[in-house]
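Let's walk through this structure together, from its overall layout down to individual contacts. Keep the model open beside the text and turn it as we go.

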Amino acid sequence: MAEKRTPRKKSKKQAVWDHMRRNPRFCVRDLIIVTEVSEEFLRSLFWYLEGAGYIRCDNDEKEIYRRQYTLLKNTGVQSPAMINMRLFDYNTKEELVIEKKIRRAVI
C-alpha cells in the first residue's frame with residue numbers, strides 16, 4: 001500500500017511571490033498581513049527583487065506599511081532564488097547579478 005504524503009508547506013518566499021503575481025500593485029501592509037512574513041524578511045527579499053528590476057516602489061512613503069509596489073516581471077509560478085548578490089529565476093532559467101546600489105532599507 002502506498003504511503004500517504006503530507007503536502008509540503010509553501011515557503012514564505014513563495015507565498016510572497018504568489019501574492020505579488022495575483023496583485024501586481026500591492027501595499028507592504030497587505031503583503032505582511034496576508035503572507036504573515038516579517039518586515040525584515042521583506043526587506044531582504046525586496047532588495048534582490050528591486051535590484052534585479054522585478055519590482056518598483058511607486059511612492060516615497062516614510063511609513064513602511066504604506067509603501068506601494070508594482071510587480072514589473074511576472075515570469076512564472078516559481079519564486080526566484082536569491083543568494084550572494086545573485087537572483088536565479090527558475091521560470092526563465094536566467095541568473096542576474098545584483099550590482100545596482102539601492103536603498104538598503106527598501107521598506
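Two strands count as paired if DSSP finds at least two bridges between them. Helices (H or I, at least four residues) and strands (E, at least two) are DSSP runs, numbered from the N terminus. Please keep in mind that this is a predicted model, in which local features need pLDDT of at least 70 and side-chain atom pairs count only at pLDDT 80 or more, while totals for chains, interfaces and linings use all residues. Residues are numbered from 1 along each chain as its sequence is written, and side-chain values use heavy atoms, with hydrogens and water left out.

With those terms in hand, look at the open sheet whose three strands come in the order S4-S5-S6, with antiparallel pairing. Its edges are strand S4 (81–83) and strand S6 (94–97), each of which pairs on one side only. From one strand to the next, the twist averages 15 degrees; angles here run from 0 to 180 degrees between N-to-C directions, and axes are lines fitted to C-alpha atoms, for helices over the stretch in contact. Strand S5 (residues 86–89) and S6 run antiparallel and are joined by four bridges. One pair to find is Arg86 with Val97, its bridge partner in S6.

Now step back to the whole chain. The protein has three helices and six strands, and from the N terminus on its elements follow the pattern α-β-α-α-β-β-β-β-β. Contact means heavy atoms within 4.5 Å. Among contacts between residues at least 6 apart in sequence, 59% join residues at least 24 apart.

The other sheet to visit is also open, with three strands in the order S1-S3-S2 and antiparallel pairing. Strand S1 (25–27) and strand S2 (55–57) stand at its edges with a single partner strand each, so one side of each has no neighbour in the sheet. Here the twist averages 30 degrees from one strand to the next. Three bridges join S1 to strand S3 (residues 68–71) in the antiparallel sense. Within that pairing, Arg25 has Thr70 as its bridge partner in S3, and Phe26 has Tyr69. S2 and S3 are also antiparallel, over three bridges, and the bridge partner of Cys57 in S3 is Tyr69.

Which helix packs on this sheet, touching S1, S2 and S3? Helix H1 (residues 12–22) does, and its direction makes about 85 degrees with that of S3. Helix H2 (residues 28–35) lies across S1 and S3, running at about 80 degrees to S1. H3, in turn, lies across S4 and S5 of the sheet we visited earlier, at about 100 degrees to S4.

Next, the interior. Buried means under 20% relative accessible area, exposed means over 50%, and partly exposed is in between (1.4 Å probe, protein chains only). Buried residues make up 40% of the 107 residues in the protein. In H1 they are Gln14, Ala15, Val16, Trp17, Asp18, His19 and Met20, and what covers them includes S1, H2, H3, S2 and S3. Asp18 counts as buried because its relative accessibility is 12%. Not counting residues up to four places away in sequence, Asp18 touches Lys10 and Val77.

Met20 takes us into the largest nonpolar core. Such a core is a set of buried Ala, Val, Leu, Ile, Met, Phe, Trp, Tyr and Cys residues joined through side-chain atoms within 4.5 Å. This one has 24 residues, of which Met20, Leu42, Phe46, Leu49, Ile55 and Leu87 touch the most other members. Two or more residues come from each of H1, H2, helix H3 (39–51), S2 and S3, with the largest share, six residues, from H3. Leaving aside neighbours within four places in sequence, Met20 is in contact with Phe26, Phe46, Leu49, Ile55 and Leu71.

Our last stop is the packing of H2 and H3, at an angle of about 115 degrees and with axes 11 Å apart. Val28, Leu31 and Ile32 in H2 meet Glu39, Leu42 and Phe46 in H3. By class, this contact has five nonpolar, no polar and one charged residues; Ala, Val, Leu, Ile, Met, Phe, Trp, Tyr, Cys and Pro count as nonpolar, Asp, Glu, Lys and Arg as charged, and the others, Gly among them, as polar.
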